[in-house]
Amino acid sequence: MIKQTPTTRVIQLLGLSAFFVFVTFPLYWMIVTSFTPEQDLFTWPLRYFPVAPTLENYTVTLLRTDIPRYFANSLIVASLASACTLTVAILGGYALARYTFRGKQVTLLIFLATQMMPIVVLIVPLFITFRMLGLLNTLYSLMIVYTVLNIPFCTMMMQGFFAGVPAELEEAAMVDGCNRFGAIVRVAVPLTRPGLIATFLFAFIGAWNELLFAVMFLNTDANFTLPVGLYMFISKYDIHWGRMMAGATLALIPALVVFGFVQRYMVRGLALGAVKG
Amino acid sequence: MKKAEPYLLLSPAYLLIGGFMFYPMITVVLLSFRQYQLMDPLNTPFIGLEHYGTMLTDGYFWRSLWNSVVWVSASLFFQFLLGFGLALLLNSTKFWGKGLYQAIVFTPWAVSGFLIAIMWAWMLNGEFGVVNDMLLRIGLIDEKIGFLSRTETALFACVLANVWFGITFFAIMLFAALQAIPPSLYEAADIDGATAWQSFWRVTAPMVKSTIVVTILLRAIWIFNWADLIWVMTKGGPGGASQTLALYVFQKAFLGLDFGYSAALGVALTVVSLIFTAIFLRVSKFHSETAF
Amino acid sequence: MTKPFNQKSSLSRREMLKLTGSTIIGAYVFGCSGATEQNTVTLFSAMGDVKNQAITKMAETFAQLHPDIRVEVLQVPWDQGRAKLITMVAGGNPPDLIVLTGQWMAEFRAMGAIDNLTSWYQTWTHKDAFTEIGIRRCEISAAIEDGQIYGLPLEITTRAMFYQKKWLDELGLEPAMTRSEWRTLLEKLTDPGKNRYGYAMRGARGGFWTWWPILEEFSGTNEWFDKDHRCIINGPDHVAGLSFWNDIYQDGLSPKDSLNWGYNELVQAFWSGICGCIEQDPEVVPTCLEHGMDASSLITAVMPAGPKAQVASNDIWILSRSSGAQNKEATQQFYGWVMAPEQLIPYSKATNVLPAVKQGMNDPAFNQGFFKPFMKMASNTALLQNWYPSYLPEMGEFIEVMVTEEQQNMLLKRQSPQDTLDKLADFLTKAQKKYVDQHGPDTPRPA
């Protein structure tokens with residue numbers, strides 16, 4: 001550890017403040033814009049705090065657009081997709097952590113390879129696939145896509161977490177009569193709880209924020225997710241900055257709340273997973 | 001039965017990836033060997049490697065590849081360094097409100113790519129952008145700069161937005177890795193009289209090496225494939241200055257309506273990623289037993 | 001233009017080859033999975049909020065008259081409208097009705113996505129309701145070809161000049177009638193000290209739509225190819241036109257940042273008081289009014305005339321039936337109803353566009369105030385109609401990507417207007433030759 005002298009302390013605090021400002025300023029600006037009436041946005045010199053703050057952007061966004069419904073759709077899709085991802089990741093991650101088997105390297109390579117093709121080229125083939133399954137314009141199509149996109153990374157995350165849990169405990173449970181599956185569910189998984197949260201969160205945020213597939217797969221605006229709804233604020237002639245920032249702030253709140261609350265566990269979980277014998 | 005256990009546990013992953021990922025990917029690869037222009041949809045002859053030949057002489061391909069290299073390296077460089085720096089700071093300091101600080105400073109990861117692009121485009125706006133305002137007030141510049149409309153700065157404006165987002169990823173992952181280092185190792189180093197610098201290289205670095213390798217690799221691949229941010233911020237302009245390979249793939253498909261060539265470009269992109277991965281893993285002497 | 005579906009050509013293997021994307025295959029073989037109910041008609045509209053709402057209202061009215069047919073308006077973010085439509089067509093799940101711009105028509109027809117409506121049209125009550133210019137624009141955009149009807153105009157949009165009236169009044173100026181007057185006007189309006197610029201240049205995507213009409217004004221013609229199918233847009237008059245446009249930027253009559261301005265930015269620059277003049281569609285009028293302009297600060301005028309011609313930049317939104325439409329009868333019922341003047345005129349009023357029907361021409365709503373110059377531009381048949389060869393498959397990428405890049409290179413002083421046009425002409429000569437080799441020497445020409 002670095003010895004704490006007053007100079008180092010000052011440097012550290014400067015560094016921390018710099019990061020803080022850098023990270024939060026754009027968010028601050030976004031929020032300020034959301035409370036600024038449209039005509040005040042285009043004045044020079046700029047004002048760093050709205051002179052006549054207004055709630056109009058929020059009221060219009062909440063009442064006159066379908067943002068609340070999009071919000072609900074996003075919540076459903078993201079939650080279910082993450083839950084599926086987590087389940088698959090638990091099973092797969094356990095396998096990768098506990099076993100040595102011939103397909104292991106190949107599996108990891110496949111996981112990596114799936115991240116390497118730009119999703120843009122995959123849109124039409126997937127569109128056709130979902131059309132044939134009759135799932136176009138449903139939230140199910142997005143759930144499946146988001147699950148599939150997140151499986152590789154999340155499985156690797158879970159692999160790390162399971163590696164951090166000694167195998168003896170499961171062995172002991174199996175000696176006592178559990179089968180392997182029971183050992184996984186009753187012994188290994190509970191020990192990785194921070195890791196579960198971390199993985200779930202990672203998948204959730206990815207699904208919450210995805211835009212391109214949502215635009216391509218969803219037709220009726222009753223099914224739109226939040227990113228698509230916000231995208232609609234860009235029209236041919238006008239970007240409704242105030243309203244878009246209001247929508248963006250609203251979109252951010254749950255992500256922030258959950259994330260802020262949970263990131264502590266996430267870090268702890270990742271720390272556990274990083275332990276190597 | 002026991003031998004099959006790992007495969008059984010991995011079967012949901014295999015099935016889902018196989019059906020919804022691999023199958024489309026193979027479709028794309030096969031398509032890259034055909035001509036498929038949307039405006040001539042019934043005429044899709046097999047043309048072998050012709051698209052790949054075209055690619056080699058396609059000036060836009062090489063230019064966008066170069067832009068991609070700049071895009072990925074610049075973004076990674078700053079994200080990693082700053083992210084690592086933040087992680088080190090968090091790891092080595094205690095202060096009141098640290099939990100809250102942590103929660104706030106990690107938030108960019110929760111913001112959608114589209115919003116990041118919009119926010120930064122607005123902040124870097126040449127007429128009403130706050131970055132211009134601040135630089136003018138500090139006196140660093142004399143007149144407003146159109147960051148997104150100058151060829152020299154357009155791509156780096158996108159890099160800036162990317163860095164803002166990506167610092168979080170590295171900060172979280174590396175912070176966690178740092179937290180996992182047993183303090184006893186540091187105490188031992190202290191007893192041996194190591195300086196801060198030495199204890200960093202002898203204790204810290206090796207312990208987080210595998211995390212570093214994996215995070216850099218993954219992030220590099222993700223950035224390489226990321227077209228949303230640039231599309232919304234600059235649409236690849238001005239004059240193609242910020243057109244990366246991922247963006248070129250998108251343009252060829254949806255603007256040029258040439259799905260065959262676009263598929264070939266997608267495959268080329270994948271191949272570049274594979275080569276990069278192979279080289280990177282070899283160079284960093286990484287053994288993929290555990291990822292984290 | 002739709003070719004007959006030939007099973008033997010290259011469709012020998014399963015799904016992978018269904019990527020040939022012909023909606024014929026999609027509709028007939030797989031169209032029923034995930035299909036809509038018997039009497040639901042889907043309408044694709046990427047026209048933006050106001051118009052989407054207007055169409056949705058019309059759909060609701062129709063539903064009251066015909067309870068057995070439900071018209072569902074698919075709303076799409078404008079920025080990805082075309083990409084989404086392409087995905088739907090290529091993916092075999094096209095909508096029943098499509099609202100397209102004139103620019104997209106040739107492409108989608110070539111994809112086999114548009115149905116031929118001629119036989120229905122012959123017996124339609126309102127078939128003579130459309131104006132001459134409306135029909136001409138349909139012909140120009142390949143919605144009508146050789147008497148075959150592929151789509152009809154929902155509306156006409158046209159360009160007129162918008163000026164900051166207050167600035168004009170301050171300087172005692174009037175809107176310009178010729179391009180040279182206009183250039184002088186821009187110089188007088190520009191005052192960097194007050195952060196005022198004469199013109200909002202569209203340097204990025206879509207700039208083509210501002211400078212191409214100027215080339216037509218300077219050359220007096222809207223032809224692109226000579227009789228040997230060589231592209232002529234790099235002739236001396238055309239170069240003079242492009243130089244005229246280029247000089248506006250080089251001489252500082254537009255902000256430096258306008259190099260990267262698209263639609264949104266330049267409109268914003270106008271109503272936020274930075275630029276004195278833009279040319280735009282009538283729909284921008286309410287945008288300006290929303291942002292605080294009114295009759296004392298905004299004035300519209302007809303486009304100035306160039307040395308050799310005065311050009312009308314008209315475009316139309318076309319309603320077409322998709323060749324993959326599920327329930328053609330119900331679809332056509334709605335089509336016939338919505339395209340009647342009784343529906344189109346209120347629609348145009350609600351959305352600030354001009355109707356393409358004769359009945360609407362004398363309607364006072366379109367002939368007063370801000371809309372007067374637009375109506376003049378849309379109804380004067382003596383004006384040269386802007387044209388471009390939309391039948392070439394390369395045109396989409398040409399306009400969206402290549403032209404944008406070349407024009408920006410020119411604005412950045414990396415190449416001259418002559419070089420720019422040489423490059424573009426070269427590209428198009430090759431494209432034209434390819435087309436002629438495939439389809440013969442009778443290429444579509446300006447009406």
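**Rings, charges and crossings**

Analyst: Phe153(A) and Trp222(B) are both buried, a word kept for under 20% relative accessible area, with exposed over 50% and partly exposed in between (1.4 Å probe, protein chains only). This is a predicted model, where local features need pLDDT of at least 70 and side-chain atom pairs count only at pLDDT 80 or more, while totals for chains, interfaces and linings use all residues. Residues are numbered from 1 along each chain as its sequence is written, chains are lettered from A and ligands numbered from 1 in the order written, and side-chain values use heavy atoms, leaving out hydrogens and water.

User: How many aromatic pairs are there, and what makes Phe153(A) and Trp222(B) an edge-to-face one?

Analyst: The whole structure has 65 aromatic pairs over all chains. In this one, the ring centres are 5.3 Å apart and the planes meet at 75 degrees. Rings of Phe, Tyr and Trp (its six-membered ring) pair if their centres lie within 6.5 Å, and planes under 30 degrees apart count as stacked, over 60 as edge-to-face and the rest as tilted. So 5.3 Å makes it a pair, and 75 degrees makes it edge-to-face.

User: Where do the two partners sit?

Analyst: Phe153(A) is in helix α6 (residues 139–163) of chain A, and Trp222(B) is in helix α9 (residues 196–225) of chain B, making this a pair between chains. Helices here are DSSP runs (H or I, at least four residues), as are strands (E, at least two), numbered from the N terminus.

User: How do you know that Arg179(C) sits over the ring of Trp182(C)?

Analyst: The charged end of Arg179(C) is 4.6 Å from the ring centre. The rule wants NZ of Lys or CZ of Arg within 6 Å of the centre and within 35 degrees of the ring normal. Lys256(C) also lies over a ring face, that of Tyr249(C), at 4.8 Å from the centre.

User: Is Arg179(C) buried or exposed?

Analyst: Its relative accessible area is 2%, so Arg179(C) is buried.

User: Why are α3(B) and α7(B) called oblique?

Analyst: Their axes come within 6 Å and cross at roughly 40 degrees. Angles under 35 degrees count as roughly parallel, over 145 as roughly antiparallel, 65 to 115 as roughly perpendicular and the rest as oblique. Roughly 40 falls in the rest, and the helices are therefore oblique.

User: What makes Leu257(B) stand out?

Analyst: Leu257(B) has a positive phi of about 55 degrees although it is not a glycine. At 2% relative accessibility, Leu257(B) counts as buried.

User: And Asp146(C), buried or exposed?

Analyst: Asp146(C) has 73% relative accessibility, so it counts as exposed.

Definitions and conventions:
Axes fitted to C-alpha atoms, helices over the stretch in contact; angles between N-to-C directions.
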